[in-house]
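Hello,

Here is the structure we talked about handing over. Please have a look, then read the notes below.

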Amino acid sequence: MRVVLGCAMSIWLAACQPDDAYQFASDVEVEGDAIVRSLEGKAGNAERGLTVFTDRDQGHCVLCHAIEGLDVEFQGDVGPPLTHLGDRLTEGQIRMRIAGAQKIWPETVMPSYYRKHGLNRVGREYLGEPALSAQQIEDLVAYLSSPKA
Ligand code: HEC
């Protein structure tokens with residue numbers, strides 16, 4: 001009885017689906033392959049997003065992704081170039097790919113930046129902490145969806 005009830009209740013949390021092991025760092029609203037609402041409840045800042053994208057101590061996305069015209073010496077090519085991303089993906093789709101790459105591509109080398117990690121994955125002090133904050137992700141979404149020169 002408890003199991004049945006638990007599962008019925010957790011439909012609310014979408015926890016009865018096959019990928020129930022996947023947990024975002026906070027409640028997010030998923031629609032198809034997109035997270036439709038800002039994780040912060042407001043839009044990010046593209047200028048800060050550029051810093052998150054390039055900074056070693058933040059996202060350091062340039063390790064794997066290049067952007068045309070970006071003045072950074074080393075830009076990786078493990079992942080696809082992200083120059084014209086806004087022409088191809090909605091903000092919600094971009095947000096999902098940053099927050100939960102492994103939800104979209106289970107085998108990808110790209111980290112899921114807004115995932116709640118289990119005990120075996122990270123040090124105790126980081127338990128439950130996502131790799132990037134909601135604000136950093138919103139700043140990246142603003143940066144990547146804006147047109148590049
Ligand atoms: C270790 C390498 C790696 C890092 C670091 C990385 N990515 Fe990725 N990313 C990939 C790969 C590889 C893909 C392609 C997905 C796949 O098939 O695995 C991808 C796909 C994407 C896509 C979808 C692109 C498209 O054309 O549909 C976006 C958006 C993206 N990454 C953004 C980011 C951002 C923002 C960061 C930094 C916070 C980041 N990535 C860090 C490897 C990486």
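**Ligand site and a helix pair**

Start with H65: an N or O atom in its side chain lies 2.8 Å from a nitrogen atom of the ligand. Keep in mind that this is a predicted model.

Two more side chains pair with the ligand through its oxygen atoms. In R88, an N or O atom of the side chain is 2.7 Å from a ligand oxygen. For T108, the distance from a side-chain N or O atom to a ligand oxygen is 2.5 Å. Three elements each give two or more residues to the shell around the ligand: α3 (85-88), α4 (91-99) and α6.

The shell holds 21 residues, and those that come nearest to the ligand are C61, C64, H65, T108 and M110. By class, the shell has 16 nonpolar, 3 polar and 2 charged residues.

Now the helix pair. Helix α6 (residues 134-145) also packs against another helix: its axis comes within 7 Å of the axis of α2 (residues 46-54). The two axes cross at roughly 105°. Angles of 65 to 115 degrees count as roughly perpendicular, so α2 is roughly perpendicular to α6.

Which residues make the contact? From α2 come A46, R48, G49, L50, V52 and F53. From α6 come Q135, Q136, D139, L140, A142, Y143 and L144. The class split for this contact is 8 nonpolar, 3 polar and 2 charged residues.

In short, α6 gives residues to the ligand shell and makes a contact with α2.

Best wishes

Notes
Residues numbered from 1 in each chain as written. Predicted model: local features only at pLDDT ≥ 70, side-chain atom pairs only at ≥ 80, totals over all residues. Heavy atoms only, no water. Axes fitted to C-alpha atoms, helices over the stretch in contact; angles between N-to-C directions. Helix = DSSP H or I, 4+ residues; strand = E, 2+ residues; numbered from the N terminus. Parallel < 35°, antiparallel > 145°, perpendicular 65-115°, else oblique. Contact = heavy atoms within 4.5 Å. Nonpolar A, V, L, I, M, F, W, Y, C, P; charged D, E, K, R; others polar. Near = heavy atom within 4 Å. Polar contact = N/O pair within 3.5 Å; in protein donor to acceptor, adjacent residues only side chain to side chain.
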